[in-house]
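What can be said, with care, about the sheets, helices, buried side chains and enclosed spaces of a single protein model? The structure is shown first, and a report on selected parts of it comes after.

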Amino acid sequence: MIYRFGEFAIDTGTRQLLAAAAERHLSPKAFELLLILIEFRSRAVSKTELQNRLWPSTFVGETNLATLVAEIRRALNDSAQDPAYVRTVHRFGYRFVAAVSGAAQGGDVARMFVRSADREFPLSEGVTVIGRAHDAGIRVDSGGVSRHHARIVVTRDRAHVEDLGSKNGTFVSGQVVNGSRALQDGDEIRVGPVALTFRVSPETVATETLN
């Protein structure tokens with residue numbers, strides 16, 4: 001996927017930030033943060049959610065996040081006082097505010113989502129945490145589920161699940177997850193006593209404006 005905004009383009013396949021075809025360097029974490037903000041640009045993203053997505057199951061201070069935001073702003077020639085791209089939401093988090101257009105590479109894009117008994121959770125490229133905590137991307141309200149129980153990591157056409165040291169374990173199609181486990185369409189993901197289903201729906205995507 002290639003997202004375009006202003007004079008810039010971000011290529012999720014090559015993991016590059018480009019300006020006039022020249023690469024602007026970003027550290028891996030800064031690139032991941034920029035991609036999260038772009039993909040969730042319809043809303044402000046809290047600092048807690050960003051920290052959980054960037055450093056799941058690891059405690060980090062807000063300074064780490066602020067350092068990454070400053071790195072992104074330098075690469076985009078952006079200003080905290082008069083932002084064209086990344087706006088600080090006081091006492092909350094950050095939001096990407098520029099208009100974005102996107103084009104899929106190769107035509108067919110896998111739309112991935114997780115289905116529970118009563119909800120459907122779309123998955124974006126990057127990290128989505130499953131757990132009982134209010135800031136989890138897939139929130140499961142069950143006493144047998146840890147606050148940050150597992151995470152699903154999505155690339156353009158692949159997904160895998162990792163347990164985050166949960167008390168009751170993570171299982172895919174009945175097999176315990178140790179380390180990382182690739183996901184296939186229809187796989188049952190069991191977090192503690194709760195069953196979820198991973199689904200993939202192919203979509204054909206043309207260039208479109210994504211506001």
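The text below takes up two sheets, two buried helix residues, two loop residues and two spaces in turn.

This is a predicted model, in which local features need pLDDT of at least 70 and side-chain atom pairs count only at pLDDT 80 or more, while totals for chains, interfaces and linings use all residues. Residues are numbered from 1 along each chain as its sequence is written, and side-chain values use heavy atoms, with hydrogens and water left out.

## The three-stranded sheet and its helices

Helices (H or I, at least four residues) and strands (E, at least two) are DSSP runs that are numbered from the N terminus, and two strands are said to pair if DSSP finds at least two bridges between them. Strands of a sheet pair through backbone hydrogen bonds, either parallel or antiparallel.

One open sheet consists of 3 strands in the order β5-β7-β6, with antiparallel pairing. Because β5 (45-46) and β6 (86-89) each have a single partner strand, they stand at the edges, and one side of each is left without a neighbour in the sheet. The antiparallel pairing of β5 with β7 (residues 93-96) extends over 2 bridges, and S46 has G93 of β7 as its bridge partner.

Two helices lie across strands of this sheet, where contact means heavy atoms within 4.5 Å; axes are lines fitted to C-alpha atoms, for helices over the stretch in contact, and angles run from 0 to 180 degrees between N-to-C directions. Helix α1 (residues 28-39) lies across β5, β6 and β7 and runs at about 70 degrees to β7, whereas helix α3 (residues 62-76) lies across β6 and β7 and runs at about 150 degrees to β6.

## Two buried residues in helices

Accessibility is described here in three classes, with buried meaning under 20% relative accessible area, exposed over 50%, and partly exposed in between (1.4 Å probe, protein chains only). L68, which belongs to helix α3, is buried, with a relative accessible area of 8%. Leaving aside neighbours within four places in sequence, L68 is in contact with S27, K29, A30, L33, L54 and W55. L68 and L33 are 35 residues apart in sequence, yet their C-alpha atoms are 7.6 Å apart in space.

Q51 lies in helix α2 (residues 47-54) and also counts as buried, at 14% relative accessibility. When residues up to four places away in sequence are not counted, Q51 touches P56, V60, G61, E62 and L65.

## Two loop residues with positive phi

The following table sets out two residues that are not glycines but have positive phi values.

| Residue | Phi | Loop | Relative accessibility |
|---|---|---|---|
| R15 | near 55 degrees | between β2 (8-11) and β3 (16-19) | 42%, partly exposed |
| S173 | about 50 degrees | between β15 (170-172) and β16 (175-176) | 43%, partly exposed |

## The five-stranded sheet

Another open sheet is made of 5 strands in the order β12-β11-β13-β14-β17, and its pairing is mixed. Its edge strands, β12 (138-139) and β17 (180-182), each pair on one side only. Within this sheet, β11 (residues 126-131) and β13 (residues 150-154) pair in the antiparallel sense over 5 bridges, with T128 standing opposite I152 in β13.

## A pocket and a cavity

On a 1 Å grid over the protein atoms alone, a cavity is a set of points where a 1.4 Å probe fits but cannot get out, and a pocket is an open set with protein on both sides within 12 Å along at least five of seven lines, while lining residues have an atom within 4 Å of a point. Grid points are joined across faces, edges and corners, and a volume is the space filled by probe spheres set on the points.

The second largest pocket has a volume of about 200 Å³. Its lining residues include R15, E32, L35, G126 and V153, and α1, β11 and β13 each supply at least two residues of that lining.

There is 1 cavity of 30 Å³ or more, and the largest cavity has a volume of about 30 Å³. Both α2 and β11 give two or more residues to its lining, and the largest share, 3 residues, comes from α2. The largest cavity is lined by E49, N52, R53, T128, V129, D135, A136 and G137.
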